[in-house]
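Visitor: I have a structure open and would like to learn how to read its cores and sheets. Could you walk me through them?

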Amino acid sequence: DTRGLRLFVAELASNAVDVIDLKKGIRSRTLSRGLNEPQGVVYAPRSNRLFVANGGDGTVRVFDGSSFEPVGSLEYSGDADNLRYDSSTQTVFVGYGDGAIGVFSASGLKKLRDVSIPGHPESFEVEQAGKRIFVNVPSARTIAVIDKDKGKVISQWKPTATRNFPLALDEANHRLFVGFRSPPRMVVYDTDSG
C-alpha cells in the first residue's frame, strides 16, 4: 500500500498475515481469522481491499483495507497461491489448483473467468499496459503466455533449464527474469520474441 505506507506479509506456517507500518517500522496488526496457509497477498487501492490466497482450502479471503474486517470470500478448487492486481481493469488474478488462473473483479468480487494452463502456476506476472500474463509452470517445463483479454494461452516457451519458480517482469524494457533451480540460474527473456 504505497499511499498508506503499509506492507502486507503472508505467514504461511502461522496462518496469518502481518500488516507492517512502514512509517513506524513496526508490525501494527496480525490477521488470522479464516486464513488457512496464506500464500499470496495483494492490496487493491481503489477498492481499499486486501486479498489473501489460501493454499490450505483454496479460498481467496477479502478484507476491508481500513478496518481489516472480512468482506467476502471466493472459492477455488484448491491450492490458491499467488495473486496479482491489474489496476487498469481493477481485476485480481489468482493461480490455483492443478493448472488455472482465476480472474475476478476487485470491487464486485465477481468471478469473471478461469484460464486453463498445463500445470500448477508457481509464479506469474501481469502486464499493466499490455495484454499478457506470463506464468511459470514447472511441472510442464514451460512458461505459458496468456492473453488476458481473450482468456487463453497464446504461447508456451520451452526453456532448457528446469524447475522454473520465481519470475519478475520489467514491462517497460520488454524483459522477463526467470529463476531456475536445475541448474540454478536466472534467464532473461525478451517478452516480444520469447
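**Reading the cores and a sheet**

Guide: Happy to! In the largest nonpolar core, which has 17 residues, the members touching the most others are Phe51, Val60, Tyr76, Leu83, Val92, Val94 and Phe104. Keep in mind that this is a predicted model.

Visitor: Which elements give two or more residues to this core?

Guide: They are the strands β4 (38-44), β5 (49-54), β6 (59-64), β8 (83-86), β9 (91-96) and β10 (100-105). The most comes from β9, with 3 residues.

Visitor: Let me pick one residue. With what is Phe104 in contact, leaving aside its neighbours within four places in sequence?

Guide: A contact here is a pair of heavy atoms within 4.5 Å. On that basis Phe104 meets Phe51, Val60, Leu74, Tyr76, Gln90, Thr91, Val92, Val94, Lys110, Lys111 and Leu112. There is also a second core, separate from the one above, with 12 residues, including Ile101, Val135, Ala144 and Ile146.

Visitor: Now the sheet. What is the strand order in the open sheet of 4 strands?

Guide: Read it as β12-β13-β14-β15, paired antiparallel. To find the edges, look for strands that pair on one side only: these are β12 (123-126) and β15 (152-157). On average, neighbouring strands in this sheet are turned by 20° against each other, ignoring direction.

Visitor: How many bridges join β14 to β15?

Guide: There are 5 bridges between β14 (residues 142-147) and β15, and the two strands run antiparallel. For one bridge to look up, try Ala144, whose partner in β15 is Gln156. You have met Ala144 already, as a member of the second core.

Technical notes:
Residues are numbered from 1 along each chain as its sequence is written. This is a predicted model: local features need pLDDT of at least 70, side-chain atom pairs count only at pLDDT 80 or more; totals for chains, interfaces and linings use all residues. Side-chain values use heavy atoms; hydrogens and water are left out. A nonpolar core is a set of buried Ala, Val, Leu, Ile, Met, Phe, Trp, Tyr and Cys residues joined through side-chain atoms within 4.5 Å. Buried means under 20% relative accessible area, exposed over 50%, partly exposed in between (1.4 Å probe, protein chains only). Two strands pair if DSSP finds at least two bridges between them. Axes are lines fitted to C-alpha atoms, for helices over the stretch in contact, and angles run from 0 to 180 degrees between N-to-C directions.
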